[in-house]
Each structure stands twice: as C-alpha cells, then as structure tokens.
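Grab a viewer and work through these exercises with the model open. Try each task before you read the solution below it.

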Amino acid sequence: MSYVDEVIESVIAKNPAEPEFHQAVKEVLESLRPVIDANEEKYRKVALLERLVEPERQIKFRVPWVDDKGQVQVNTGYRVQFNSAIGPYKGGLRLHPSVNLGIIKVLGFEQIFKNSLTGLPIGGGKGGSDFDPKGKSDREVMAFCQSFMTELCKYIGADTDVPAGDIGTGAREIGYMFGQYKRIRGLYEGVLTGKGLSYGGSLARTEATGYGLLYLTKELLKVNGIDIAGKTACVSGSGNVAIYAIEKATQLGVKVLTCSDSNGWVYDPDGIDVAALKEIKEVNRARLTEYKKYRPNSEYHEGRGVWVVKADLALPCATQNELLLDDAKALVENGCIAVCEGANMPTTLEATKYLQEHNVIFAPGKAANAGGVATSALEMSQNSERLSWSFEEVDAKLQTIMINITHNIVDSAERYGHAGDYVMGANIAGFEKVADAMIAQGVC
Ligand code: NDP
C-alpha cells in the first residue's frame with residue numbers, strides 16, 4: 001500500500017467520529033501524491049505525514065456565561081493548534097452553532113497550507129465555539145467573549161498563537177476578546193488580528209482579500225499570456241470580499257457585470273457601480289433590490305443565476321458550494337477563460353474538474369483569497385514593531401505577496417509534471433515549505 005493510502009487509513013481509524021476531517025485529509029494528500037511518491041523513503045523515515053495529520057495540541061473547554069434573563073448558559077470552546085513548523089499558530093475563531101471539534105480540525109488543517117503559501121512565518125490553527133451571536137444582545141456577546149477568553153488566554157500569545165476573526169467573529173467580538181486578554185494577562189500585544197484601527201488593526205485589511213484576489217488573477221492571466229485590462233467578469237456575493245474584488249477589478253480595467261446576495265442577483269451591462277454597492281451594503285445594510293434605484297439600466301433577478309451571464313472571468317466571492325457542475329458547463333459554453341475563487345471552497349469538486357478538463361484557468365481559494373490572512377500577518381508585524389504602516393505600504397506588500405503566490409503555484413505544478421493544475425500547485429507549494437521545516441526541526 002502506498003504511504004498516502006496508509007496514512008489516510010490510519011486517520012480514519014484514529015478519528016472515527018470526524019468524517020469531514022477524513023475528507024479534508026484525503027483531498028489534500030491525494031493532490032500531494034506526486035511529491036510524496038517522489039520522496040516516499042525520506043518522508044516515511046521521519047513519519048512526516050503521520051505528524052502532519054496529528055494536531056500538535058487541541059484544547060476543548062467550558063464557556064459558561066449569564067444571559068439577559070439571569071440564566072447561566074454553557075457553550076463549548078475549541079482551539080486546535082495544528083502546526084507551528086513555520087511560525088506561531090494563526091487562524092480564525094468561528095462562532096456558529098455548527099462548530100464541533102471535527103470542523104475545527106478540518107479548518108485548522110487547511111490553514112497550515114494556506115498560511116504557508118503566503119510566504120509569511122505563520123503556522124496553522126483554528127478555533128471557535130458553538131455559541132451563536134445572532135439574536136444576542138451586546139451584553140450577552142460581551143459576556144460570552146469574556147468567558148471564552150478567560151480560558152483561551154492561557155494558551156495564546158503574540159509569539160505562540162494569534163487567532164483572528166471568522167464567521168460570527170467580527171470587529172465587535174475581537175474587541176471584547178482583546179480587552180479581556182489584556183485585562184487578565186496584563187499584556188498589550190498583538191494577540192489577535194482583525195482589530196479596530198484605534199487599537200492596533202491594520203490599514204487595508206478590509207480591502208485585502210478582494211484586492212489580493214485581483215492581484216493574483218491579473219498575474220495568473222499574465223503568466224498565461226493574457227492581459228486583464230478590457231475583460232468582463234461575473235462576480236457573486238456583495239459582502240466584504242466581493243465589494244473589494246469589484247473595486248480592484250474596475251480599477252484594473254475589468255467591467256464587472258454581476259453581483260449577488262442570498263436573495264438574488266444584479267446584472268449591470270454598464271459595469272457594477274461600486275460606490276452604489278458600498279452605500280447599499282456597507283452603509284444602509286439593505287438588499288440588492290435597491291441597486292436599480294441607482295442604476296435604472298440594470299436588472300435584478302430573484303434566486304441564483306450569476307454564472308449564466310457571458311463573461312471572460314468568473315470570481316465566486318459569496319459562499320461555499322455556490323458554483324456547481326451546471327454552472328461550470330454554462331461558463332465553458334460562454335467562453336469563460338478563468339475562474340478564481342474569492343470565497344472558501346465555492347466551486348464543487350466536480351465543477352472544478354470540469355473547468356480544468358475544459359482548459360479554464362482555475363485558481364483555488366487557498367491561494368486566491370490568501371490576501372486576507374497575509375494582511376493579518378502584516379498586522380502582526382506592525383504590532384511587533386509597535387508601528388502602523390500606511391495604506392499604500394500594506395497594499396504594496398500585499399501585491400508582492402500575491403504575485404509571489406502566483407509564481408509559486410505555477411512553478412510547483414510544473415515541477416511535478418502537472419503544468420496548469422493550480423489546485424495541485426497550491427497544495428504542493430504550501431506543503432513543501434512546511435515539510436522542509438518539520439524535517440529540519442527534527443522529531444517534534
Ligand atoms: P460576507 O458575509 O461579508 O459576504 C458574504 C456574501 O455572500 C453576502 O453578499 C451574502 O449575501 C452572500 N451569500 C451568502 N450566502 C449566499 C448564498 N447561499 N447564495 C448567494 N449569496 C450568498 O462574507 P465575506 O465577503 O467576508 O466572505 C465571503 C467568502 O470569502 C466566505 O467563503 C469566506 O469564508 C471567504 N473568505 C473571506 C475572507 C475575508 O477576509 N473576509 C478571507 C478569506 C476567505 P447576504 O448578505 O444575503 O447574506
């Protein structure tokens with residue numbers, strides 16, 4: 001049996017109750033097969049894969065808090081410190097009722113490779129709780145965050161583990177957690193990222209994921225001999241990633257024809273008006289039905305449908321599993337040249353396969369949306385220096401990082417005889433750096 005198959009089998013046997021984790025390990029190891037087969041003896045000797053799939057540490061803890069009626073509530077908190085071979089653990093805190101240990105392990109495992117791809121010194125981790133901030137008062141959210149951090153603060157620190165926001169953990173939650181950490185540990189340090197600008201946050205973090213997506217898309221097209229200027233694009237979503245992807249695309253001379261939310265989608269033949277979109281979504285917190293008031297020439301459609309519009313580029317920036325096989329077929333039919341993922345896992349496996357088989361350039365989110373975590377790492381650097389960089393400085397560094405990621409995934413795929421397979425390129429590039437560091441650091 002091959003080394004990859006042996007390790008997949010042992011992961012299933014050792015973690016029987018975590019099917020999502022089996023799936024994630026399987027997907028990553030399968031795509032690493034060329035590199036692992038080529039180095040099998042070396043990796044086997046040091047049990048590299050067995051160590052890679054076993055978190056360095058996983059912490060599970062009780063989070064009691066008092067609700068507005070005076071009733072004590074109890075949630076479960078998690079932090080999985082997966083791999084610190086290349087830097088302190090880094091990864092978000094997810095607050096959502098669906099959170100359990102298996103999910104956090106999946107996200108932590110994926111984070112190792114994504115963080116490595118940025119080229120910055122950050123290891124992989126993830127955490128969260130089954131607490132649902134939706135429908136809770138500010139006081140209840142604060143009570144939860146303070147209790148959560150009272151336990152978590154024993155295990156994290158600016159040089160050991162630096163959590164960030166994720167689903168359910170926005171600026172408000174990060175603020176409450178940071179305050180509690182400071183209060184208990186007596187340390188004013190960059191222990192969390194995604195902080196407000198008044199207490200150590202980074203300029204350009206808001207724009208980073210969307211801008212980064214376009215920097216990578218532009219470079220990847222260039223590598224393939226295509227100029228991004230003058231192209232058309234379909235974008236899905238109208239949240240943080242989508243808005244800044246549309247803004248940067250427009251600045252680069254791309255006409256963005258669509259955007260969407262969970263109710264419907266907009267087609268604007270003159271190109272999406274970013275200022276109008278920001279006013280609707282960031283200021284008024286309204287639905288996309290409002291867009292027509294700003295742009296009478298546009299159309300609003302209920303339901304999903306973004307991918308049927310004819311465009312050169314497709315940038316899924318909304319949510320997971322939003323680009324299905326039929327959508328991929330429509331894109332190919334319409335002559336789409338490239339699909340670059342702004343969201344996490346928006347394209348299903350079968351849709352990805354179809355696009356790749358039909359020679360559509362496909363950039364996986366792991367690489368294409370890494371601008372977010374990269375800029376969080378830049379927030380850590382600024383906090384360590386006790387300095388704040390200008391927007392232009394952060395943006396310039398982000399551009400360099402995304403260009404480096406692009407070449408790294410292109411070269412890695414080529415080196416193992418799979419030129420143009422950027423999913424494989426991203427996994428290999430992320431893995432190689434971590435593997436080298438683990439081997440160099442001996443048995444630990
Ligand atoms: P937001 O919550 O700001 O925006 C999400 C957008 O997607 C909203 O417009 C939302 O519409 C829409 N949406 C949600 N569900 C659906 C659905 N089922 N069908 C159509 N549209 C839907 O999130 P972000 O922009 O921050 O994140 C988007 C994606 O990017 C996520 O996958 C996230 O994990 C990923 N990501 C984000 C990073 C970041 O820095 N923000 C970094 C890396 C990845 P509605 O308003 O109606 O809910």
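What follows is a set of short exercises on sheets, helix packing and an aromatic pair.

This is a predicted model, so to speak of local features we need pLDDT of at least 70, and side-chain atom pairs count only at pLDDT 80 or more, while totals for chains, interfaces and linings use all residues. Residues are numbered from 1 along each chain as its sequence is written, and side-chain values use heavy atoms, with hydrogens and water left out.

**Exercise 1. The five-stranded sheet**

Task: find the strand order of the five-strand open sheet and say which strands stand at the edges.

Solution. Start with the vocabulary: strands (E, at least two residues) and helices (H or I, at least four) are DSSP runs, numbered from the N terminus. Two strands pair if DSSP finds at least two bridges between them.

Step 1: reading across, the order is E1-E2-E4-E3-E5, with mixed pairing.

Step 2: E1 and strand E5 (161–164) each have a single partner strand, so one side of each has no neighbour in the sheet.

Step 3: from one strand to the next, the twist averages 20°. Angles here run from 0 to 180 degrees between N-to-C directions, and axes are lines fitted to C-alpha atoms, for helices over the stretch in contact.

Step 4: look at the pairings. Strands E1 (residues 57–66) and E2 (residues 72–83) are antiparallel and share ten bridges, with Lys60 opposite Tyr78 in E2. Five residues sit between the strands of this hairpin, and Gly70 has a positive phi near 90°. Strands E3 (residues 89–95) and E4 (residues 123–129), on the other hand, pair in the parallel sense over five bridges; Tyr89 has Gly123 in E4 as its bridge partner.

Step 5: add the helices. Helix H6 (residues 101–117) packs on the sheet and touches E1, E2, E3 and E4, its direction making about 150° with that of E4. Helix H7 (residues 138–152) also packs on the sheet, touching E1, E2, E3, E4 and E5, at about 145° to the direction of E1. Touching is a matter of contact, meaning heavy atoms within 4.5 Å.

**Exercise 2. The seven-stranded sheet**

Task: trace the open sheet of seven strands and name its edge strands.

Solution. Step 1: the order is E9-E8-E7-E6-E10-E11-E12, and the pairing is mixed.

Step 2: strand E9 (299–302) and strand E12 (361–363) are the edges, each pairing on one side only.

Step 3: ignoring direction, neighbouring strands are turned by 15° against each other on average.

Step 4: zoom in on strands E7 (residues 255–260) and E8 (residues 264–267), which run antiparallel and are joined by three bridges. Thr258 has Tyr267 in E8 as its bridge partner.

Step 5: helix H10 (residues 240–251) lies across strand E6 (232–236) and E7, running at about 170° to E7.

**Exercise 3. Two helix pairs**

Task: are H13 and H14 roughly parallel or roughly antiparallel to each other? Then do the packing of H16 on H17.

Solution. Two packed helices are described by the angle between their axes and the distance between them.

Step 1: helix H13 (residues 325–333) and helix H14 (residues 349–357) pack at about 20°, with axes 8 Å apart. They are therefore roughly parallel; the classes are under 35 degrees for roughly parallel, over 145 for roughly antiparallel, 65 to 115 for roughly perpendicular, and oblique for the rest.

Step 2: the contact is made by Leu325, Ala328, Lys329 and Val332 of H13 and Glu350, Ala351, Tyr354 and Leu355 of H14. By class, that gives six nonpolar, no polar and two charged residues. Ala, Val, Leu, Ile, Met, Phe, Trp, Tyr, Cys and Pro count as nonpolar, Asp, Glu, Lys and Arg as charged, and the others, Gly among them, as polar.

Step 3: the axes of helix H16 (residues 371–385) and helix H17 (residues 391–415) come within 10 Å and cross at roughly 130°. H16 and H17 are therefore oblique.

Step 4: residues in this contact include Leu378 of H16 and Ile401 of H17. The contact has six nonpolar, three polar and one charged residues.

**Exercise 4. An aromatic pair**

Task: how many aromatic pairs does the structure hold, and what does the one between Phe21 and Phe82 tie together?

Solution. Step 1: there are 13 aromatic pairs. Rings of Phe, Tyr and Trp (its six-membered ring) pair if their centres lie within 6.5 Å; planes under 30 degrees apart are stacked, over 60 edge-to-face, and the rest tilted.

Step 2: Phe21 and Phe82 form a tilted pair, 6.2 Å centre to centre with 40° between the planes.

Step 3: Phe21 lies in helix H2 (residues 19–31) and Phe82 in strand E2, so the pair ties together parts that are 61 residues apart in sequence.
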